[in-house]
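Hi there,

Here is the structure I promised to pass on to you. Have a look at it first, and then read my notes below.

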Amino acid sequence: MSDHITEIVVFTFLFLLVSVMGFVAAKWRRPTDMAHLDEWGLGGRSFGGWITWFLVGGDLYTAYTFVAVPALIFGAGAAGFFAVPYTVVIYPLFFLILIRLWSVSHRHGFVTPADFVRTRFDSPLLALLIAITGIVATMPYIALQLVGIEAVLKTMGVTGDSALARHAPIIVAFAILAAYTYQSGLRAPALIAFVKDTLIYIVIIVAVLYLPYKLGGWGTIFDDASAKFQASPAPGDGLTLNANNQIQYITLALGSALALFLYPHSITGVLASKNRNVIKRNMSALPAYSFLLGLIALLGYMAISAGVKPLPGNTAGSVDNNTVVPLLFDQQFPAWFAGVAFAAIGIGALVPAAIMSIAAANLFTRNIYKEYIRKDATHAQEAGVAKIASLVVKVGAVAFILFLDPQFSIDLQLVGGVLILQTAPAVAIGLYTRWLHRGGLIAGWAGGMALGMWMLYSIPNPATKRAHFGGSAFPLEKFGFDTPKTIYVGFVAVALNLLIAVLVTLVLRAMKTPEGFDGTEPDDYFADEGDPRLEKARTTPETLASST
Amino acid sequence: MSAPRSDRSPWNWLLVIPIVLPLVTPLYNFDSPRLWGFPAFYWLQFSFIFVGVITTSIVYQMTKRPPVTPAAPAEQSTKPAETTDE
């Protein structure tokens, strides 16, 4: 540990600095009344262009992304670069689809996507399914942020022999995070995101200028990587894709993009902005992060070129590829700058973890507590419950890390992406049309879930010698096709989901099953800042209709 | 509703480009030509980011609303339409 003293001091200093910022954030932009879910959970729905850029950027590009994407590139090459097309495709989708969710939420005071589904389809059951899906999918995502911090701590040598000693720094970090999220709500990650993103940009710009210079230029880096892949026996790796993993690459990029904009934390970030123009303008500014992510991905090749050997994993004989980027920084940078880089990754974990726990807390409060436990909850009670729920969510995430193999949370995150995709027909298509019947959506959700789980269960991972949940690339030969090609599980599952939803809709409509009352009007989907808001619409849906 | 609002615009079709282009792997799955040492697979996908920026910027400029929102056509409120934060 003594070799890393400078790194640890710089890391700790920056970490404490943002912790203070987190607590001060409660006073930032002076909320009129913090005892309201709009204030705690959505920052008052008031964020302008710059804050939204930092917040959503800090939210979508997580510490785990910064650690895991280069780790994938390090291990498999081109297939890991899917993160770039994925983050190119997502912004036009946000631009076209999520903007309507912002408008209808602004008009009706929705805080979560399940709120929207509740009013649009008049189905508390469908809303509950959407809310539970969101919470379950978000939990392992939060846990993964801890994996990001852990990779950094491991590299700095902050590890112990017992499980408790190994995890103590993470528990302390998360306790601080939990305290200031409780105190300041969404304002805390919004303010910290400024520091996090500034640090990340500085570190990466230095890395992509300095490291190629040290390693002999980009051409050499790519050639070294190519030589490694040619020497390795694995069939799927290489500097470009091969004939068998192209469908996987495409469907994974598209499926991940669709999943990302359905995740509760992305929706929370978007709903917190103050008008439509802020969102639209940001969709042409946020790709700056995609460029950054592409460069970060290439750190994986630099690690190959620099001869980085990943640290051992938790089980004997395995290696933890997630440590390659921290190790690369540790080897190539002076100690103080490596400390800054580690702090960037560590703080990078806090911003999304805070937003995710707020999003999960909002879902619990609005769609479980208020719907089923206390229908007449006041705004102050809602805010109070959400604050407690955010604590519970974080304790759950820490428990993931303490009691489960980190590999398990990576698997669960994989499952989470497939789960959240199953809300696409209700949330995304629901923003355009109410043609799908609520019964069809529920049936489709169930069908998509079942198929997705079965497919994930049946994928083995030869590298880690496990028979199930070994990845998201499903071999098409299991469907009876005579081909070694693979496809992304979520994509197939959501296709079945949609098919079932359409078929069941046709059946239910033929049987004249009641469709419920649509609490939204066409004009709601274009509402903007300054339009009158209908706060009461959701609290008393009975006054609007009693159709079923 | 006298003058229904809409977010329909022919300009939105421009956004099909950044959604489809990055997903057509046969277009860019090559090593050469290299640019500053980058294989085509990488620099072409980096260039798609700029395609995304340019197209969304154009569509934003062409579809953005005037900064002052006109009073909502439906649900005429007695409250002034400016400050909505209660």
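Let me start with helix α4 of chain A, residues 63–76. At 1.5 Å a residue, its 14 residues should span 20 Å, and the C-alpha atoms at its ends are indeed 20 Å apart, so the two values agree. Please keep in mind that this is a predicted model.

Is α4(A) mostly enclosed or open? Of its 14 residues, 13 are buried, so α4(A) is largely enclosed by the rest of the structure. Just after the helix comes G77(A), which has a positive phi, near 80°.

Next, look at how α4(A) meets another helix of chain A, α16 (residues 335–373). The two axes come within 7 Å and cross at roughly 125°. An angle that is neither under 35 degrees, over 145, nor from 65 to 115 counts as oblique, and α4(A) and α16(A) are therefore oblique to each other. On the α4(A) side, the residues that meet the partner are A63(A), F66(A) and V67(A), while α16(A) brings I345(A), G348(A) and A349(A). By class, this contact has five nonpolar residues, one polar and no charged.

Finally, there is the contact between the chains. How many residues does each chain give to it? Chain A and chain B give 43 residues each. On the chain B side, the elements that give two or more residues are α1 (16–20) and α2 (40–63). The most comes from α2(B), with eleven residues. That side of chain B has 21 nonpolar, twelve polar and ten charged residues.

Enjoy exploring it!

Note on methods: Residues numbered from 1 in each chain as written. Chains lettered and ligands numbered in written order. Predicted model: local features only at pLDDT ≥ 70, side-chain atom pairs only at ≥ 80, totals over all residues. Contact = placed C-beta atoms within 7 Å. Helix = DSSP H or I, 4+ residues; strand = E, 2+ residues; numbered from the N terminus. Nonpolar A, V, L, I, M, F, W, Y, C, P; charged D, E, K, R; others polar. Expected span 1.5 Å × (residues − 1). Buried ≥ 20, exposed ≤ 12 C-beta atoms within 10 Å, placed from the backbone. Axes fitted to C-alpha atoms, helices over the stretch in contact; angles between N-to-C directions.
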